[in-house]
Amino acid sequence: MNSKIIISKYPAEFSEEFARILVDGLKSSGEYFHIALSGGSTPKLLYKFLAENYKSKIEWSKIKIFWGDERCVPPDDPESNYKMTRDSLLSEIEIPDKNVFRIEGENDPSEEAARYSGILARNIPQLNNLPEFDLVLLGLGEDGHTASIFSNSLQLFESKNLCVAAEHPGTHQKRITITGPVINNAKQVVFLATGSGKSSVVDIIINKKNGFDKLPAAYVNPHHGDLIWLLDDDAGRNILPY
Ligand code: 6PG
């Protein structure tokens with residue numbers, strides 16, 4: 001695993017860095033570029049930047065879009081990661097509907113986890129008998145969770161499943177999430193974390209400080225891929241970029 005840390009002062013800077021990663025990845029990808037997007041609030045700025053600045057600079061029809069996790073809500077629910085992505089990016093770019101693989105949060109969680117596992121297995125090239133994403137974009141919770149893998153479910157980094165039903169330990173909101181082996185089988189994993197609220201957890205994970213091994217995000221180590229941290233100054237204030 002190669003890793004890199006990029007610390008940017010402004011959202012436009014880390015967004016531009018991500019766009020560069022995406023453009024470079026597209027150049028070296030096969031017929032399609034398979035990406036798993038993150039939910040939460042952090043990537044909203046990134047998605048809007050891509051919509052505003054890369055609408056015509058990226059061949060979006062070459063990209064197949066999946067999600068790393070979803071809340072178990074309907075697609076028009078304010079909590080929906082799909083809705084956030086549709087409103088900030090998908091509605092602004094030319095991408096065929098057939099390239100967008102939504103996690104159907106309105107379905108029964110266990111049934112949807114099984115369905116989406118099949119979607120991943122059938123629509124993404126395999127390596128090591130696992131789907132190999134070209135790029136997985138992850139957010140980071142202040143508690144160290146990523147996707148919807150929480151500290152009470154570290155075993156999901158050893159899961160035999162591609163996708164499982166999960167539950168937020170605080171809100172008990174039902175979730176669907178891809179599992180650790182899928183994340184760690186990707187060609188590139190990008191963590192996007194911004195804001196001073198994330199500086200402590202970023203420090204603990206990157207600098208392997210006390211308790212890092214209890215945090216799910218610490219287990220993101222793409223075994224044959226690259227790990228890139230995209231941080232703003234606030235989230236990266238305890239980190240020396242390399
Ligand atoms: C989700 C995300 C989750 C998110 C982190 C950070 O569905 O909420 O997948 O892992 O990335 O909780 O969320 P913020 O970007 O809102 O801080």
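Which element gives the largest share of the lining of the largest pocket? Here are some notes to help you find your way.

1. This is a predicted model, in which local features need pLDDT of at least 70, side-chain atom pairs count only at pLDDT 80 or more, and totals for chains, interfaces and linings use all residues. Residues are numbered from 1 along each chain as its sequence is written, and side-chain values use heavy atoms, with hydrogens and water left out.

2. The answer is H3, with five residues. Helix H2 (42–53), strand E4 (69–71) and strand E7 (135–138) also give two or more residues each, alongside helix H3 (81–88). Helices (H or I, at least four residues) and strands (E, at least two) are DSSP runs, numbered from the N terminus.

3. Now look at the ligand, which has 16 residues around it (a heavy atom within 4 Å). Ser-41, Thr-42, Asp-69, His-145 and Ala-147 come nearest.

4. Oxygen atoms of the ligand take part in polar contacts (pairs of N or O atoms within 3.5 Å; within protein, one must be able to donate a hydrogen and the other to accept it, and residues adjacent in sequence count only if both atoms are side-chain atoms). A polar side-chain atom of Asp-69 lies 2.7 Å from a ligand oxygen, a polar backbone atom of Ala-147 is 2.6 Å from one, and a side-chain N or O atom of Lys-198 is 2.7 Å from one.

5. Finally, visit Ser-159, in the loop between E7 and strand E8 (163–167). Its side chain reaches the backbone nitrogen of Asn-161 at 2.9 Å.
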